[in-house]
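Good morning, and thank you for coming. I would like to walk through one structure today, beginning with a term that the rest of the talk relies on.

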Amino acid sequence: MVEISVAQEAVPEQGVVVVLVGTDGSLSAAAAAFDREGIVSRALGLPGPKRRHGRIVSLPLPAGLRLDRLLVVVVGKPEGLAARDMEELGAAIVRQLEADRVGEAVIASPAGLELGLEEDAAIAAMALGAELRAYRFDKYRRSGDGEEDEERKPLARLRFLSAGPAGTALARVRGLAGAVAWTRDLVAEPANVLYPESFARICESLSEVGVEVEVLRPAELERLGMRALLAVGQGSAHPPHVVIMRWKGAEQEAPLALVGKGVCFDSGGISLKPAGGMQDMKWDMAGAAAVAGAMRALAARRAAVDVVGAIGLVENMPSGTAQRPGDVIRAYSGKTIEVVNTDAEGRLLLADVLAYVCERFAPRAVVDLATLTGAVIVALGHERAGLFATDDDLAENLLAAGEEVGELLWRLPLDKAYSKHIRSDIAEIKNVGRGREAGSIAGAVFLREFVGDRPWAHIDIAGVAWSDRDLTLLRKGATGFGVRLLDRLVARRFEGR
Ligand code: BES
Ligand code: MN
Ligand code: ZN
C-alpha cells in the first residue's frame with residue numbers, strides 16, 4: 001500500500017513533483033515558483049481540454065535537470081469544490097503517477113489557489129482519494145519479472161507538502177482508509193481462506209483497537225436456538241459463527257446496531273446456482289465485512305458513540321446434510337419459515353441475527369447491510385444500493401451520508417401490501433416472494449418481520465460491493481462499500497454524549 005505523509009517543507013527541486021493550478025488560470029504558489037521559465041503556463045497551453053477540473057499534464061523533463069517529472073493538475077469548479085472533488089483529484093493523480101511508472105512523488109501545497117476549502121481539508125481529501133485508489137489486492141500474485149509486473153509497479157510513497165500543519169487531518173484519513181482497505185481485503189479473499197471460523201478470528205483482532213469482540217460458536221448458536229442461521233450452514237463443513245462487536249465510545253441510553261450478512265460462499269445450496277459467475281459468491285459476505293470495517297473505522301477515530309456490530313457468518317453449500325426446499329424451520333424469534341428456495345439464504349441468517357440483537361441490546365436504531373438480491377442489480381445497476389427503512393429520519397440521514405461520501409443509495413418502498421408476497425401455506429412466512437415480482441422488496445419485508453417496531457434500515461448492496469471495472473476512486477474489485485457510509489451516518493446522526 002502507498003505510504004502517505006504530510007510535511008511542512010519547501011518544494012524539492014528533484015524527483016517527481018505535482019503542482020496545482022486553477023481553472024481560472026491562477027497558479028498555486030508552488031506552481032508559480034516552477035513557472036519561472038514558463039514551464040507551467042506552456043504545459044497548460046498544450047492541446048487538450050485546456051483548463052477543465054481534473055486535467056493533468058504530465059511532463060517528463062530532459063536529462064540534466066534534477067527534476068525528473070512535473071505534473072500540472074487543474075483544479076476548480078464554477079460551483080465550488082467539495083471534499084469529494086478533492087478525493088477524486090487525489091485518485092486521478094495516483095492513476096497518472098502509476099501510468100508514468102512513478103514510485104515516489106511529492107504533491108505541492110495548493111496554497112495560493114481559491115479552493116473554497118481549507119488547505120488541510122483539501123490535502124486530507126486528496127490523501128484519502130489517493131490512498132483508496134492506490135489499494136490493490138496483490139497477495140496471490142508474484143511480483144518480479146515480466147512486462148505485466150512492470151505495469152503493476154505500485155506507487156510506494158506520496159508526500160503532501162503543506163503551508164500549515166495538516167497532521168491531524170491525515171491521521172484521520174489513515175484510520176478510515178485503513179478500515180476500508182481491511183474490508184476490501186476480506187471481501188476479496190477467496191472462500192477456501194475466508195470461512196466463518198477464520199473470518200471470526202480476524203474480527204477478534206479488532207480488540208487491539210479497543211473493540212470488544214465476542215464470538216458465538218456453533219454449540220452456543222444451537223443453545224440459543226438460532227435455527228434459521230444454523231439451517232443455512234448445515235450443509236457445509238464449515239459451521240456457522242456469529243460475531244458481536246461493540247465500540248463503546250460514549251455512555252448512551254441505547255446503542256446503535258449494525259448488522260451484516262456474512263455468507264462466505266453462496267453456492268445456492270440445494271437450489272444450486274448455475275456455474276457461470278458462481279465464483280462471485282465468495283463476496284456474499286460483503287455486508288459483514290463492511291460492518292466489521294465500520295467498527296474499525298469508528299474505533300480508529302475514537303467516535304463518541306455506543307455501537308454494536310453483529311455479523312452472521314455461514315457457508316451455503318449443497319450436501320447430504322443441507323436443508324431442502326420445503327423445509328420448515330423455527331427462527332430464533334419463534335416465527336416459522338417455509339424455505340421455498342435455499343438460495344434465499346441471506347434473509348434466513350439475518351432474521352436470527354436481527355432478532356437476537358434487538359432482544360439483547362434494545363438498540364435505538366438498526367441498520368443492516370447485505371448482498372441480498374440479484375433483483376436490486378436489475379433495479380439500480382451498480383450505481384446505487386437499495387435502501388429500505390421504517391423510519392424517515394434514519395433514511396434521510398443515510399441518503400445524505402451516502403451523497404457526502406459517494407456511496408449512493410436509493411430508497412425503495414416497504415408498503416404493507418408487499419408483506420402478502422411472503423405468505424406461506426404451511427408456515428407463518430416463506431423465504432421468497434412472488435417469482436420475479438419486486439424481489440428486493442420481498443427480501444426487505446421478510447427482514448422487517450424480525451426487527452419489531454424500532455427504527456430500522458436495510459441496505460441491499462448486491463450491486464455495489466464489487467466492481468468489474470475501475471471506478472473514479474477505486475480500482476476494480478472489492479469496493480468496501482458501507483464503511484464510509486456508516487462512519488458518516490454515525491457522525492451525522494448518532495454521535496455525541
Ligand atoms: N447472494 C445472493 C444475491 C446476489 C446475487 C448477490 C447476485 C450478488 C450478485 C442471494 O443470496 C440470492 O441468491 N438471492 C436470490 C433470491 C431468490 C432466490 C429469491 C436471487 O437474487 O436470485
Ligand atoms: Mn443465495
Ligand atoms: Zn447470498
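By buried I mean under 20% relative accessible area, by exposed over 50%, and by partly exposed anything in between, with a 1.4 Å probe and protein chains only. With that definition, Asp-284 is buried, since its relative accessible area is 2%.

Two remarks on conventions. This is a predicted model, in which local features need pLDDT of at least 70 and side-chain atom pairs count only at pLDDT 80 or more, while totals for chains, interfaces and linings use all residues. Residues are numbered from 1 along each chain as its sequence is written, chains are lettered from A and ligands numbered from 1 in the order in which they are written, and side-chain values use heavy atoms, with hydrogens and water left out.

Let me turn to the metals. Donors here are N, O and S atoms within 2.8 Å of the metal (3.2 Å for Na, K and Ca); water is not among the atoms, so sites may look incomplete. Asp-284 donates through OD to the zinc ion (ligand 3), which is also coordinated by Lys-261 (NZ), Asp-266 (OD) and Glu-345 (OE), at 2.0 to 2.4 Å. What is the arrangement of the 6 donor atoms around the zinc ion (ligand 3)? The arrangement is octahedral, because the angles that these 6 donor atoms subtend run from 79 to 173°. For the geometry terms, four donors count as tetrahedral if all angles lie between 85 and 135 degrees; four count as square planar and six as octahedral if opposite donors are over 155 degrees apart and all others between 65 and 115; anything else is irregular.

Along the chain, the donors of the zinc ion (ligand 3) are spaced K-x4-D-x17-D-x60-E. Distant parts of the chain are linked in this way: Asp-284 sits in the loop between β9 (256–266) and α10 (286–300), and Glu-345, 61 residues apart from it, in the loop between β12 (336–338) and α11 (346–361). Helices (H or I, at least four residues) and strands (E, at least two) are DSSP runs, numbered from the N terminus.

Next, the second metal. Asp-266 (OD), Asp-343 (O), Asp-343 (OD) and Glu-345 (OE) coordinate the manganese ion (ligand 2) at 2.1 to 2.2 Å. The site of the manganese ion (ligand 2) is irregular, with angles of 72 to 168° among its 6 donor atoms. In sequence, its donor residues follow D-x76-D-x1-E. Which residue bridges the zinc ion (ligand 3) and the manganese ion (ligand 2)? Asp-266 does, and the two ions lie 3.2 Å apart. Of the other donors, Glu-345 is buried at 0% relative accessibility, whereas Asp-343 is partly exposed at 22%.

Ligand 1 is surrounded by 17 residues, the closest being Lys-273, Asp-284, Asp-343, Glu-345 and Gly-374; a residue is near a molecule or strand if one of its heavy atoms lies within 4 Å of it. The shell around ligand 1 divides into 6 nonpolar, 4 polar and 7 charged residues. Glu-345 places a polar side-chain atom 2.8 Å from an oxygen atom of ligand 1. An N or O atom in the side chain of Lys-261 is 3.2 Å from an oxygen atom of ligand 1. From the backbone, a polar atom of Leu-372 is 3.4 Å from a nitrogen atom of ligand 1. On its own, ligand 1 has 510 Å² of accessible area, of which the protein covers 77%.

I now move to other parts of the chain. Helix α14 (residues 439–448) has 8 of its 10 residues buried, so it is largely enclosed by the rest of the structure. Among those buried in α14 are Ile-441, Val-445 and Phe-446. Ala-438 lies in the loop between β16 (429–430) and α14. Ala-438 has a positive phi of about 45° although it is not a glycine, and it is partly exposed at 29% relative accessible area.

Arg-302, in the loop between α10 and β10 (306–316), likewise is not a glycine yet has a positive phi of about 50°. Is Arg-302 buried or exposed? Arg-302 is exposed, with a relative accessible area of 55%.

Finally, Thr-183 belongs to helix α6 (residues 167–188) and is buried at 1% relative accessible area. A polar atom of the Thr-183 side chain lies 3.1 Å from the backbone oxygen of Ala-289.

Terms used: A polar contact is a pair of N or O atoms within 3.5 Å; within protein, one must be able to donate a hydrogen and the other to accept it, and residues adjacent in sequence count only if both atoms are side-chain atoms. Accessible areas come from the Shrake-Rupley method with a 1.4 Å probe; for residues, only the protein chains shown count as cover. Ala, Val, Leu, Ile, Met, Phe, Trp, Tyr, Cys and Pro count as nonpolar, Asp, Glu, Lys and Arg as charged, and the others, Gly among them, as polar.
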